[in-house]
Amino acid sequence: MGLLRGGGGPRRLFVQLLEWLLAPMVVLWPAAVAATYFAASAIANTTFDAELRQMARGLAEELLHADPAGDWEQSLPVLGAVRNDSIGRFVAQVATPDGRVVAGDSELPAPADASRSFERFQFRDAVVAGKRMRIVQSEVVSRGGEPLVVQLAEPYERRGALVGDVTWIVIATIFALVPLMVLLVWRGLERGLRPLVRLRTRIEARAVDDLAPLPTDELPLEIAPLVNTLNQQLERVRHNLEGQRRFVADAAHQMRTPLAGLKTQAESALRGGSTEETRERLHRIEEGADRMSRVVAQLLALARADDVMAGAPQLEPVDLNTVVHDVCEAAADDALASQVALGFEPADRPAVVDASPVLLRELFANLVDNAIRYTPEGGDVTVRVAGGERARVSVEDTGPGIPEAERGRVFDRFYRVLGTGRSGSGLGLAIVKEIAGFHRADVLVYAGDAGLGTRFEVVFTRQ
């Protein structure tokens, strides 16, 4: 069947199931034979003891009516029948309580002390003439008033023969059924594992790029959850691949425009012209190079964030006051160059969250950089940290704002709001959204105070 690889690696599932099904049988079959032996012994002892008791009762009843002056052998037909048995199965004796034999066989041992037993028929085991025998005795008073003891004995051979016959029949039956049971288990396992074989065949027949969900309609209930999990994983892989293809297409589109502009300006500069025209073209080449540099930097930042999150970084307690202060301090030169007033308002107490410091710096750096870039000269960018039940960081600017209809799309990769007059890569807010989602934080977009500008809020879940 080849469901699992053999050899020194993982063992086949079929072999493991077969072992687990047959191993209990190997243990239980000897136990069944032993139980049969003991049960047959108990049944045989009960049956033969009842036979001895019945014969002793018959002999005792004869003694009650026998003439004590007559011939005991003639007066006791049961005793004669027992002694004259052609097979010689029984030994019978009539004796006095002190052991004097009145009739029957003399090789039996003296009667046991009957006063210690409350049973009318008392059983015991003894060795007679080298044989282990089962003896039953019963006291009776003859017609003449003399107390007598009746003893009947039978060798254990009959019982052992019967028990042995029954045990061997059971053993023979079990061994006759072993091949049939193994065959039935084998066929049952093959039939039970057939859906897995069909599933494996379907997977092997698929194309390399086929990420469609696996069918679950014919699978057993125990296997369906596993396949559903695989389907969920396939859906995640498909989503990631589509995202990568879309990312590559968008990145190529974003790089194509500045490259085409650079080429056009370079060709124009090579054709010559006035010094002012050449300087203008070179300035445009510089601007195009800056845009390309920013796109590449954002792509690298996005890839770096993806790598860090894919590696499941160790989270640690981080004070948002410290991280956001460092980000604002690093962005101060850009704000000064853009003639934008950058303000920072920390929380009045530590606002601690479990997070990755590296990723948080990337998140807030993109928010602050985005606010500075879209705020006109003379505008303000204010960054606030708030603690409390749910720690939050807000970045508010006095820029052109974002129309309410487009606030849900600004987090898409390479999406830019039209009409702002600002260039950008369209990746900054996508990075913010991904890092916030990794930390189970919400990113909210509002209009600024008095309807001017935009306010982004990153709200963390309670730690």
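Which residues have the most contacts inside the largest nonpolar core? In this predicted model, they are Leu320, Leu360, Phe364 and Leu367, and the core to which they belong has 41 residues. The tour begins there, after a view of the whole chain.

**Whole chain**

Display the chain as a cartoon and colour it by secondary structure: nine helices and 12 strands should appear. Of the 463 residues, 37% count as buried. Among contacts in the chain with a separation of 6 or more, 61% are made by residues 24 or more positions apart.

**The largest nonpolar core**

Select Leu320, Leu360, Phe364 and Leu367, which have the most contacts inside the largest nonpolar core. Then add the elements that give two or more residues to this core: the helices α7 (320-337), α8 (357-374) and α9 (428-438), together with the strands β8 (352-355), β9 (380-386), β10 (392-397), β11 (442-447) and β12 (454-459). Helix α8 supplies the largest share of the core, eight residues.

Centre the view on Phe364. Leaving aside residues up to four places away in sequence, Phe364 touches Leu320, Val323, Val324, Val327, Val393, Val458 and Phe460. A second core, separate from the one just shown, has 20 residues, including Ala60, Ala66, Val136 and Leu152.

**Helix α8 and its partners**

Keep α8 on screen and show α7 beside it. The axes of these two helices come within 9 Å and cross at roughly 40°, which makes α7 oblique to α8. Their crossing is right-handed. To see the contact, select Leu320, Val323, Val324, Asp326, Val327, Ala331, Asp334 and Ala335 in α7, and Leu360, Arg361, Phe364, Ala365, Val368 and Ile372 in α8. Coloured by class, these residues comprise 11 nonpolar and three charged, with no polar ones.

Now replace α7 with α9. The axes of α8 and α9 lie 9 Å apart, and the two helices pack at an angle of about 145°. Here the crossing is left-handed. On the α8 side the contact is made by Leu359, Glu362, Leu363, Asn366, Leu367 and Asn370; on the α9 side, by Gly428, Leu429, Ile431, Val432, Ile435, Ala436 and Phe438. The contact of α8 with α9 contains nine nonpolar, three polar and one charged residue.

**Strand β10: Ser394**

Move to Ser394 in strand β10. Is this residue buried or exposed? Ser394 is buried, because its relative accessible area is 9%, under the 20% cut-off. Next, draw a distance from Ser394 to Glu457: their C-alpha atoms are separated by 4.3 Å, although the two residues are 63 residues apart along the chain. Beyond its sequence neighbours up to four places away, Ser394 touches Thr382, Val383, Arg384, Arg455, Phe456 and Glu457.

**Helices α1 and α4**

Select helix α1 (residues 13-65) with α4; their axes come within 9 Å and cross at roughly 160°. The two helices are therefore roughly antiparallel to each other, and their crossing is right-handed. The residues of this contact divide into 29 nonpolar, four polar and five charged.

Within α4 (residues 157-205), pick out Thr167. Thr167 is buried, with a relative accessible area of 9%. Apart from residues up to four places away in sequence, Thr167 touches Val33, Thr36 and Tyr37.

**Three loop residues**

Where does Thr96 lie? Thr96 is in the loop between β1 (91-95) and β2 (101-104). This loop residue is buried, with a relative accessible area of 5%. Show its contacts with Val102, Pro111, Glu146, Pro147, Leu148 and Val149, a set that leaves out residues up to four places away in sequence.

Proceed to Ala129, in the loop between β3 (122-128) and β4 (131-141). Phi of Ala129 is near 55°, a positive value in a residue other than glycine. Ala129 is exposed, with a relative accessible area of 76%.

The final stop is Arg440, in the loop between α9 and β11. Phi of Arg440 is likewise positive, near 55°, in a residue other than glycine. Arg440 is exposed, with a relative accessible area of 62%.

Key
Residues numbered from 1 in each chain as written. Predicted model: local features only at pLDDT ≥ 70, side-chain atom pairs only at ≥ 80, totals over all residues. Heavy atoms only, no water. Helix = DSSP H or I, 4+ residues; strand = E, 2+ residues; numbered from the N terminus. Buried < 20%, exposed > 50% of the residue type's maximum accessible area, 1.4 Å probe, protein only. Contact = heavy atoms within 4.5 Å. Core = buried A, V, L, I, M, F, W, Y, C linked by side-chain atoms within 4.5 Å. Axes fitted to C-alpha atoms, helices over the stretch in contact; angles between N-to-C directions. Parallel < 35°, antiparallel > 145°, perpendicular 65-115°, else oblique. Left-handed = near helix turned anticlockwise from the far one by under 90°. Nonpolar A, V, L, I, M, F, W, Y, C, P; charged D, E, K, R; others polar.
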